[in-house]
Every structure is written in C-alpha cells, then in structure tokens.
Amino acid sequence: MASISLTFPDGNAREYDAGITAAAVAESISKSLAKKAISATVNGEHWDLQWPINENATIALHTMQDDVQANELVRHDLAHIMARAVQEIWPDTKVTIGPVIKNGWYYDFDRKESFTPEDLITIEKKMKEIINKRDAVRTEVWERDVAIKYYEDRGEPYKVELIEGIPGDEPLRMYWHGEWQDLCRGPHLQHTGQVPGDGFKLMSIAGAYWRGDSDREMLQRIYGVAFTGKEKLKAHLNMLEEAAKRDHRKLGREMDLFHMQEEAPGQVFWHPNGWRIYTELQDYMRRRQRAGGYVEVNTPQVVNRQLWEKSGHWESYQENMFIVEVDEDHAREKTVNALKPMNCPCHVQVFNQGMKSYRDLPLRMAEFGSCNRYEPSGALHGIMRVRGFTQDDGHIFCTEEQIETETKIFIEFLSEIYAELGFTNWAIKLSTRPEKRIGSDAIWDQLETSLGNACKAAGYEYDIQEGEGAFYGPKLEFVLTDAIGRDWQCGTLQVDSNMPERLDASYVGQDGNKHQPFMLHRATLGSFERFIGILIEEHAGKLPFWLAPRQVVVASIISDADDYVHEVVAALNASGVRAEADVRNEKINYKVREHSVGKVPVILAVGAREVEERTVTVRRLGEKQTSVQALDDVKAALAVESTPPDLR
RNA sequence: GCUGUAGUAGCUCAGUGGUAGAGCGCGUCAUUGGUAAUGACGAGGUCGGGAGUUCAAUCCUCCCCUACAGCACCA
C-alpha cells in the first residue's frame with residue numbers, strides 16, 4: 001500500500017498508509033485524542049473523521065473545543081436528527097434540504113398538514129430521544145442510479161431532483177443516523193450522542209419556496225438554534241431577548257417617535273419626537289451634501305405615465321407603482337399618472353433643461369426625494385421597509401472616465417457620515433452583471449472593475465454578489481445590520497447609462513459633439529425611514545446627544561424650585577439645547593424613571609440647594625451617579641454637545 | 001404575493017356561547033418628596049371590519065383588513 005505524508009499544525013509530518021481516516025490518525029497520536037476528536041481540517045477543508053485520505057495533506061484534528069467546527073457539526077447533525085424525528089412522527093412527510101445557518105440550522109419539509117408551535121415541542125422531545133440512543137453516524141458513497149432509485153422507491157421526489165442537479169463527477173454521500181439516512185455532503189459527528197442534548201432549541205416554523213423559487217412548492221421550514229453547550233444556548237437566547245428590547249418599533253412607541261396604522265400600511269406618522277430626529281438628520285445631510293459639491297433640487301410627486309413609459313418604469317416596474325387616475329367628472333381631462341417610485345427620471349428632466357457642456361460634469365444633483373412604491377404586503381417591516389419614504393437621493397451625471405473617481409469620492413463621503421452617526425460595522429457589497437442585462441461584456445468588465453477599484457482606493461474591502469446587479473449596470477450596496485442581525489441595504493451606488501439614453505440626456509463634449517453622460521444613482525442613508533430605524537436599533541434608543549429628540553429635562557424636586565427650573569430651561573434653549581421643564585407634582589424618583597425610560601440623555605434635577613447656589617444636579621442616561629455643577633458650565637458644555645459633528 | 005401565527009382600554013395582556021377584567025398610563029384630590037414607580041378615588045372598550053350559524057356571538061364558521069416570523073420581491 002502506498003504511503004502518504006500528513007503535516008500537522010505544528011509543522012511535523014508523519015507517514016501513513018494511503019486511505020487512512022482522520023479517526024485512525026487521531027488514534028495513532030493518543031487514545032484521549034481519538035476519543036475527543038470530532039472532525040479534521042484536511043488541506044483547508046472540513047473533513048469527516050471517517051473519510052479516507054489518499055494524498056499528502058495538511059491535517060488538523062478538531063475537538064468540541066473548536067467552536068467553528070464543533071458548531072457546524074452539531075448544527076448539521078441536528079438538521080438530520082430533526083428530519084429523522086419529523087419522519088418518525090409523521091412518516092408521510094417528505095424531506096428536502098437542511099443547511100447550517102448562522103447560530104443554527106433549518107430543514108424544509110413537504111407535508112400536507114401544517115406544523116404547529118406545539119409540534120415543535122413534540123419534535124424536540126423526539127430529537128432528544130434520538131440523541132440519547134447514541135446511534136452511529138455512517139457515510140456511504142452511492143452510485144447515482146442507486147440513489148435515485150432508492151429515493152424514487154421511498155417517494156422522495158425532492159431528493160431525486162437534488163441528485164439530478166449534482167454534477168456527475170461528484171461522489172454522492174449518504175449519511176446514516178442510525179436507520180435513518182439522508183443525502184449529504186457532510187461532514188458529521190460519529191454518533192448522535194455527541195450532540196449536546198441541551199444545547200439546541202427549535203425556534204419557529206415558516207413557509208419557504210422549494211429551491212427559493214416562488215413558482216414552486218411552498219414547503220414548511222423549521223428553524224433551530226444550536227451551540228456546543230447549554231450555557232452558550234442560554235447566552236444566545238438572552239441576547240435575542242435583549243435585542244428585542246432594541247426593536248425600533250418598540251422604542252418608537254416608548255420614545256413617542258412615530259406610529260403606523262391600518263389606513264396607511266407601510267407609511268409613517270411621525271410624532272414631534274421622531275420628526276425631530278428626522279429633520280436634524282436632514283439638516284445635517286443637507287449641509288454635508290452642499291459641502292460635497294451637490295446642488296439640491298426638488299421634483300414632482302405625481303407624474304404623467306408618458307414619462308414612466310419613456311423611462312421604462314411603466315413596463316417593468318408598474319406593479320410596484322401607485323397609479324393615480326384622475327376622475328373625469330372632477331377633472332377637465334382624464335389623465336393617468338403615477339406617484340414617483342424613484343427620482344431618477346425627474347432628475348434627468350432637470351439635467352435636460354438647457355445645454356450642458358463637458359465643463360458641467362461631473363454634475364452632482366441631490367434631492368430629498370419622497371417616493372412611493374407599492375411594496376408587497378409581506379415585505380413591509382416597521383419603518384425599515386415601507387411604501388412611502390424619502391431618499392437622500394442623488395444622481396451624478398458624469399463621463400465614463402469620471403466614474404471611478406466619483407465612486408471613490410462618494411464612498412469617502414458616505415464613510416465619514418456613517419462614522420459621525422456612530423456606525424463602525426458596515427459592509428460593502430458589489431453586485432455584478434445579472435443574466436438579463438443590456439450592454440456588452442466589455443463594458444460590464446470595465447464598470448465592475450471601476451467600482452471595485454474605487455472601493456479599494458477608498459480603503460474598503462467588499463463582498464461580491466454574483467449576478468445581483470441591475471440590468472443596466474453594476475452596483476455597490478452599503479449594508480448595515482439591525483438589532484437581531486438582519487442586513488439592510490442603506491447606501492447604494494449604481495452605474496447607469498440606460499436612463500440617460502432613454503431620456504435623451506446629453507452634453508456637448510470638448511470636440512463640439514453631443515455625448516451621452518453616465519448617471520450614478522447614489523444614496524447615502526438610503527431612506528430616512530430605514531436609516532432612522534437602524535439608527536434607533538444601533539443605539540438602543542440612546543441616540544447621540546445632537547440627534548436626541550429630547551435632550552434635557554429639567555426636573556424640580558420641590559415646587560419652590562419651579563421658577564428656577566423655567567429659568568434653566570430658557571437659558572438652555574437660548575443656547576441651542578432642546579430642554580423642557582418637568583415641574584409636575586411628582587417625586588424626583590418618578591421623574592427620573594419616566595425620563596430614563598423615555599431615553600432622555602440628560603436630566604437636570606433642581607431643589608432648594610441648586611436654587612440657592614445657581615447649580616444643577618446632572619444625571620446622564622444610564623449612569624447612576626450624579627454631579628452638581630454650575631449652571632453656566634453645564635450650559636456651555638451641553639451647547640457644544642448639541643452641535644452636530646460637522647459644525648463643531 | 002406565499003406559508004404560518006395573531007388582533008380585547010393609549011400600552012402590555014387575562015378572559016367567557018348569556019353584551020368584559022388586571023397592571024401601567026390618563027384625570028381629580030391629598031402628599032413638597034434628593035435620583036428608576038407616593039397614596040386614594042375616577043373616567044375609559046359596541047372585544048380589527050363584514051357576513052353567517054344561534055333564542056343569544058368578543059368567543060363557533062366563512063370572507064376581508066392589518067400586524068408579526070420566514071420565504072419570494074427589493075431600479
């Protein structure tokens with residue numbers, strides 16, 4: 001038998017017979033390692049202990065202490081164990097796929113009856129039984145026709161389809177968890193008993209389309225979370241509970257920022273507090289954009305269908321548009337209009353007025369543009385995904401040569417703003433050419449490269465989203481994360497030559513001829529609605545002082561201090577701080593609690609002593625300690641703090 | 001849009017085939033208190049909308065709306 005050389009992480013190499021398994025390698029090192037080993041990394045890939053190694057390789061053995069590998073195995077085995085449990089309880093259930101995801105796994109089933117929340121408890125119980133059986137996990141490599149026949153006989157059409165989709169040269173691995181078996185790439189643990197029975201929890205049931213295709217069957221998906229132990233699971237569940245407290249919908253109510261109601265689904269009723277944040281943010285963005293060389297415009301809400309026909313929206317975006325038909329009885333003439341779902345066609349109209357020269361480019365045009373889109377009902381989510389929203393939109397009209405530089409400038413512009421708003425964790429995604437597209441591959445090559453280069457030049461890494469670009473050009477997405485880890489695209493930059501062409505935008509070049517400009521659709525915050533939602537969750541309601549809707553409450557301890565309270569409030573307001581008086585006949589404890597719950601960053605308490613000494617007692621949100629300070633000092637400090645970062 | 005769950009007072013929720021209840025909040029009164037809930041009393045809901053079954057529906061059935069979770073969508 002041929003021999004192979006395996007190199008360990010410490011650099012030492014040892015000779016083994018070809019075909020040796022990682023389990024045997026562990027055995028060769030020590031009994032205890034053999035007992036503890038769960039998997040191996042072979043040549044950088046996560047391997048099952050039972051797979052034969054036939055070539056020279058690097059190898060690292062893993063135990064339950066290696067979180068990354070252990071979690072993957074535990075979650076993956078649980079997916080199988082859950083599927084087995086479900087089929088043991090309801091044998092008529094068909095299985096499909098069950099991958100590992102962040103914090104856990106899911107498995108999609110096809111079954112006539114719906115799973116109920118109570119079923120989850122039953123399934124969990126069955127899973128624990130399976131774990132306690134400590135059934136061996138075995139792999140077998142099957143021939144395609146055998147595997148297909150097997151699944152056809154068992155009435156598992158989804159598995160048959162899966163196998164048919166696997167390239168012919170890939171080995172088909174069958175994993176057995178006891179008597180139950182599933183098609184699976186692996187790797188897995190050695191027996192079901194290795195899965196910590198108290199480290200997982202079934203979380204929810206949801207619908208999901210087979211193969212992610214809305215034209216195909218709707219399956220039932222069961223989600224679970226799993227960790228290598230009880231404590232880690234507990235920590236995770238705890239984190240979820242804490243995250244729920246940061247939900248912008250909950251905080252929006254508690255801080256009295258906004259509400260939504262049935263009569264206007266997907267639209268926001270901003271309350272004074274919320275609108276404060278909104279306008280403060282908008283003022284900030286307006287200054288920022290002016291400094292960034294943008295001209296601000298404003299364009300109509302209701303626009304005749306003719307423009308949408310020209311822009312192409314009427315044909316390809318109509319189902320997402322609010323159509324406004326003017327009734328003949330009440331109007332001089334009947335027209336069909338649409339609420340604008342986007343600002344770009346209108347911006348081209350502004351660009352098209354008068355002759356433009358190459359000297360006018362790049363032309364950066366911005367608008368706080370209100371848009372209305374008839375989003376699918378199931379897509380709506382608080383103020384993060386709505387039907388009526390305002391983008392901090394902008395379009396940069398430029399030449400092809402200017403694209404890369406303009407993109408870089410924009411990324412720098414955006415990153416400074418995100419930093420000033422308190423975001424450190426955000427990502428860039430580069431979406432590349434989709435299947436259905438216009439333009440030559442040469443152009444796509446160039447544009448994709450330009451966007452990538454611009455990111456690098458600005459000092460940022462990016463992930464590629466293959467095929468996710470718009471049909472007319474590649475795009476960058478700037479992604480932020482909400483309280484429970486869901487990603488939201490906020491900023492964006494998209495390259496477009498299609499819109500200028502359709503709407504006849506042109507400029508006179510150096511050569512005296514007409515040329516067509518490129519258009520960069522870009523937004524920094526994305527929409528005020530979504531961004532404020534993210535902002536609330538990111539800061540758990542404790543917004544930076546300058547953005548806080550209510551900055552200071554001056555609370556009296558005794559009513560004899562009321563006059564002084566009003567004096568303090570007036571002094572603060574005069575220096576640009578948002579202060580309000582609380583002279584209600586309530587105890588200071590009560591007032592402190594209420595305003596703390598309302599996330600007011602600073603409470604100034606005032607009693608006999610403060611009146612006497614012309615001081616205030618300062619209490620910062622989240623701090624237990626208070627400090628007595630001179631009114632004038634506090635006033636000066638808060639005035640600085642309430643100044644937006646770009647004006648300091 | 002699809003699958004599932006839910007909708008009772010401003011909020012969080014309990015409850016029942018015989019026209020509803022708690023806590024908080026709100027109002028009034030008393031209390032002037034030193035940093036996360038002072039006490040007493042009071043007001044407040046045709047139980048998401050519509051139809052049906054029934055002597056009788058908030059409760060059972062059907063349709064619709066909205067929200068939530070996930071999927072699909074996201075120029």
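**Reading strand pairing and nonpolar cores**

Modeller: In this predicted model, strand 26 (residues 475–481) pairs with strand 27 in the antiparallel sense, over 7 bridges.

Biologist: Which residue of strand 27 stands opposite Lys-475?

Modeller: The residue opposite Lys-475 is Gln-494.

Biologist: How many residues lie between strand 26 and strand 27 in their hairpin?

Modeller: The hairpin has 5 residues between the two strands, and Gly-485 in the turn has a positive phi of about 90°.

Biologist: To which other strand do bridges join strand 27?

Modeller: Strand 27 is joined by 5 bridges to strand 30 (residues 518–527), and these two strands run antiparallel. Within that pairing, Thr-492 has Ala-523 of strand 30 as its bridge partner.

Biologist: Is strand 27 mostly covered or mostly uncovered?

Modeller: Burial is judged from relative accessible area, with under 20% counting as buried. Of the 10 residues in strand 27 (residues 487–496), 8 are buried, and the strand is thus mostly covered.

Biologist: How should one read the nonpolar cores?

Modeller: In soluble globular proteins, nonpolar side chains tend to be buried together. Here the largest nonpolar core has 57 residues, and Leu-281, Tyr-418, Leu-421, Phe-478 and Phe-531 have the most contacts inside it. Helix 13 (residues 403–420) supplies the largest share of this core, 7 residues.

Biologist: With which residues is Phe-531 in contact, leaving aside its neighbours within four places in sequence?

Modeller: Phe-531 is then in contact with Leu-281, Tyr-418, Leu-421, Phe-423, Leu-480, Cys-490 and Leu-525. Apart from the largest core lies another, of 29 residues, including Ala-83, Val-95, Leu-189 and Ala-226.

Key
Residues are numbered from 1 along each chain as its sequence is written. Chains are lettered from A and ligands numbered from 1 in the order in which they are written. This is a predicted model: local features need pLDDT of at least 70, side-chain atom pairs count only at pLDDT 80 or more; totals for chains, interfaces and linings use all residues. Side-chain values use heavy atoms; hydrogens and water are left out. Buried means under 20% relative accessible area, exposed over 50%, partly exposed in between (1.4 Å probe, protein chains only). Helices (H or I, at least four residues) and strands (E, at least two) are DSSP runs, numbered from the N terminus. Two strands pair if DSSP finds at least two bridges between them. A nonpolar core is a set of buried Ala, Val, Leu, Ile, Met, Phe, Trp, Tyr and Cys residues joined through side-chain atoms within 4.5 Å. Contact means heavy atoms within 4.5 Å.
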